[in-house]
Amino acid sequence: MRQLIAILNVVAWSGFWAFGYLALTSDVDQSGQMVVAAILAALGGGTGMLAYFWLVRHAEETGYARPANRVAKREDDDAEPV
């Protein structure tokens, strides 16, 4: 499963860069082409981010990567400051 997500990640980021380039370099007279390319680039970027976050979470859960340094919350942190 993680290999499919990794492939999806690569394909999504490739689409983001390719369609983003097309959106930025398209002719001003062809606004429809520009909008479609921008929407596809946004979908590729969003899918790439979701796939990347899934891969990071999976790597931390399986022990492949060290978990991020997070401060343990103490019980007295909820108290109002005086």
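Where is the place of R70? Here are some friendly notes on that and a few other spots in this predicted model.

1. **R70.** You will find R70 in the segment after helix 2. R70 counts as exposed, because its relative accessibility is 63% and the cut-off for that label is over 50%. If you would like a reference point within the chain, take R57: R70 and R57 are 13 residues apart along the chain, and their C-alpha atoms are separated by 14 Å.

2. **A72.** The segment after helix 2 also holds A72. With 63% relative accessibility, A72 is classed as exposed too. Try drawing a line from A72 to D29 in your viewer: the two are 43 residues apart in sequence, and the distance from C-alpha to C-alpha is 56 Å.

3. **The helix pair.** Next, please look at how helix 1 and helix 2 sit together. Helix 1 covers 2-25 and helix 2 covers 31-62. Their axes are 7 Å apart, and the two helices pack at an angle of about 150°. Angles over 145 degrees count as roughly antiparallel, so that is the description that fits helix 1 and helix 2. As for handedness, helix 1 passes helix 2 in a left-handed crossing.

4. **The nonpolar patch.** Which residues form a nonpolar patch on the surface? They are F19, Y21, L22, V35, V36, I39, L40 and L43, and together they have about 740 Å² of accessible area. Helix 1 and helix 2 are the elements that give two or more residues to this patch. The largest share comes from helix 2, which supplies five residues.

5. **L43.** One member of the nonpolar patch deserves its own entry: L43. This leucine lies in helix 2. Is L43 buried or exposed? L43 is exposed, because its relative accessible area of 53% is over the 50% cut-off.

6. **W13.** Back in helix 1, you can pick out W13. Its relative accessible area is 28%, so W13 is partly exposed: that label covers values between the 20% limit for buried and the 50% limit for exposed. For distance, compare W13 with R2: these residues are 11 apart along the chain, and 16 Å separates their C-alpha atoms.

7. **A quick recap for your viewer session.** Colour helix 1 and helix 2 to see the roughly antiparallel arrangement. Then show the side chains of the nonpolar patch, including F19 and L43. Finally, mark R70 and A72 in the segment after helix 2.

Definitions and conventions. Residues numbered from 1 in each chain as written. Predicted model: local features only at pLDDT ≥ 70, side-chain atom pairs only at ≥ 80, totals over all residues. Heavy atoms only, no water. Patch = residues over 30% accessible without salt bridge, like charges linked within 9 Å, V, L, I, M, F, W, Y side chains within 5 Å. Areas by Shrake-Rupley, 256 points an atom, 1.4 Å probe, with all protein chains shown as cover. Salt bridge = Lys/Arg side-chain N within 4 Å of Asp/Glu carboxyl O. Helix = DSSP H or I, 4+ residues; strand = E, 2+ residues; numbered from the N terminus. Buried < 20%, exposed > 50% of the residue type's maximum accessible area, 1.4 Å probe, protein only. Axes fitted to C-alpha atoms, helices over the stretch in contact; angles between N-to-C directions. Parallel < 35°, antiparallel > 145°, perpendicular 65-115°, else oblique. Left-handed = near helix turned anticlockwise from the far one by under 90°.
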